[in-house]
Amino acid sequence: MRGRALAVVRRLFDLQAASIWQDLRPALGVVGGTLVDAGCGASPYRRLVPRDTTYIGLDVERASEEFGYDIADVRRFGADGSWPVDDGAADVVLSTETLEHVPDPSAFLAEAFRVLRPGGQLMLTVPFAARWHYVPRDYWRFTPSALTMLLEGVGFGDVFITARGNERTVACYKLLALLLPAAMPQREPGRTSMAPLAALVAAPLALALAIAGNLSLRGSAGDDCLGYTVTAARPTEPLVGPQ
Ligand SMILES: C[S@@+](CC[C@H](N)C(=O)[O-])C[C@H]1O[C@@H](n2cnc3c(N)ncnc32)[C@H](O)[C@@H]1O
């Protein structure tokens, strides 16, 4: 119950998480079989997956020390980037906000293709308007052109890309990044400061921006967006080129 309430608060102030939740909710709610979550972190979207679906979380060995994620029952990628999942074993591969941390995105997507059964679905999200994070392990920002090229390059078909949010969402997101540190100041023992007063001003403004940002997600998506949500399918028949 507490975890659920915290997740709701997180989504109110974290517009990336809110927009991903909004996009993935309908699709994840109806998946079945086996779902592989690649770069699962704290598995924030697992609760959208039906309980009778087999969930396999994958992450890097150093997820705890470098990214602060420490959850049980996670399988580890190989040192060479290989996935500990059999060929064709997955009905769905989910990967949220991870591809930008992968040095070789094409090899990662080729592994997603390998573990999916023919007809299986990839659901991928990437940030676009996001700060450089988990430095130095943040390597890329992807455009729709790059995503299509990479996905088709490893064999995926039916690539469908939607932008998350629009310029209003991005404006709220950037202003929230400025205001949230003032709204939630760190206590420094023994020091008096103007921080409580600043928090009193910043907190209601941050709340107003968070609400405006969430409302903007109901509007149409734009080229200036928070990020992209992508679906793609492993074709049921191998693609045959011209003879
Ligand atoms: C920003 S977090 C996203 C976590 C989670 N998917 C989410 O949406 O909250 C990035 C994730 O990528 C993982 N990661 C980092 N380097 C990676 C790599 N080379 N290959 C696969 N995953 C990686 C991290 O351990 C972390 O779980």
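# A tour from the ligand outwards

Start at the ligand and select threonine 96: one of its polar side-chain atoms lies 2.7 Å from an oxygen atom of the ligand. Before you go on, keep in mind that this is a predicted model.

**Stop 1: around the ligand**

Keep the ligand on screen and add aspartate 59. A polar side-chain atom of this residue is 2.6 Å from a ligand oxygen. Now pick glycine 41, where a polar atom of the backbone sits 3.3 Å from an oxygen atom of the ligand. How much of the ligand does the protein bury? Taken alone, the ligand exposes 590 Å², and the protein buries 93% of that.

To see the rest of the surroundings, show the 20 residues around the ligand; Gly39, Gly41, Asp59, Phe67 and Thr96 are the ones that come nearest.

**Stop 2: the sheet**

Switch to a cartoon view and look for the strands. You should find an open sheet of seven of them, in the order β3-β2-β1-β4-β5-β7-β6, with mixed pairing. Which strands stand at the edges? They are β3 (74-76) and β6 (157-164); each has a single partner strand, so one side of each is left without a neighbour in the sheet. Follow the strands across and you'll see a turn: on average, neighbours in this sheet are rotated by 20° against each other, ignoring direction.

A bit of background helps here. Strands of a sheet pair through backbone hydrogen bonds, and they can do this in a parallel or an antiparallel way.

**Stop 3: strand β1**

Select residues 34-38, which make up β1. Is this strand enclosed or open to the outside? Five of its five residues are buried, so β1 is largely enclosed by the rest of the structure.

Now turn on the side chains. In a regular strand, side chains alternate between the two faces of the sheet. In β1, Thr34, Val36 and Ala38 are on one side, with Leu35 and Asp37 on the other, and all of them are buried, so both faces are covered.

Next, check who β1 pairs with. On one hand there is β2 (54-59), which runs parallel to β1 and is joined to it by five bridges. For an example, select threonine 34 and its bridge partner in β2, threonine 54. Then there is β4, which also pairs with β1 in the parallel sense, over three bridges. Here, look for leucine 35, which stands opposite valine 92 in β4.

**Stop 4: over to β6 and β7**

Move along to the edge strand β6 and select β7 (residues 227-233) with it. These two run antiparallel, and six bridges join them. One pair to click on is isoleucine 161 with its bridge partner in β7, valine 230.

**Stop 5: helices on the sheet**

Add helix α2, residues 15-28. This helix lies across β1, β4 (90-96), β5 (116-127), β6 and β7, and runs at about 160° to β5. Then add helix α4 (residues 105-115), which packs on the sheet and touches β1, β4 and β5. The direction of α4 makes about 145° with that of β5.

**Stop 6: some loops**

Go first to the loop between β1 and β2, where you'll find arginine 46. Arginine 46 has a relative accessible area of 45%, so it counts as partly exposed. For a sense of distance, draw a line from its C-alpha to that of leucine 175: the two are 129 residues apart in sequence and 29 Å apart in space.

Now visit the loop between α3 (63-67) and β3, home of aspartate 73. Its phi is near 60°, a positive value in a residue other than glycine. Aspartate 73 is exposed, with 75% relative accessible area. Alanine 72 lies in the loop between α3 and β3 as well, and is exposed at 61%. Measure from the C-alpha of alanine 72 to that of serine 145 and you should get 36 Å, for residues 73 apart along the chain.

The last loop is the one between β5 and α5 (144-153), where proline 136 is found. What kind of peptide bond joins valine 135 and proline 136? It is a cis bond, with omega about 5°. Finish on tyrosine 134, which lies in the loop between β5 and α5 too. This residue has a positive phi of about 45° although it is not a glycine, and at 33% relative accessibility it counts as partly exposed.

Notes: Residues are numbered from 1 along each chain as its sequence is written. This is a predicted model: local features need pLDDT of at least 70, side-chain atom pairs count only at pLDDT 80 or more; totals for chains, interfaces and linings use all residues. Side-chain values use heavy atoms; hydrogens and water are left out. Helices (H or I, at least four residues) and strands (E, at least two) are DSSP runs, numbered from the N terminus. Buried means under 20% relative accessible area, exposed over 50%, partly exposed in between (1.4 Å probe, protein chains only). Two strands pair if DSSP finds at least two bridges between them. Axes are lines fitted to C-alpha atoms, for helices over the stretch in contact, and angles run from 0 to 180 degrees between N-to-C directions. Contact means heavy atoms within 4.5 Å. A residue is near a molecule or strand if one of its heavy atoms lies within 4 Å of it. A polar contact is a pair of N or O atoms within 3.5 Å; within protein, one must be able to donate a hydrogen and the other to accept it, and residues adjacent in sequence count only if both atoms are side-chain atoms. Accessible areas come from the Shrake-Rupley method with a 1.4 Å probe; for residues, only the protein chains shown count as cover.
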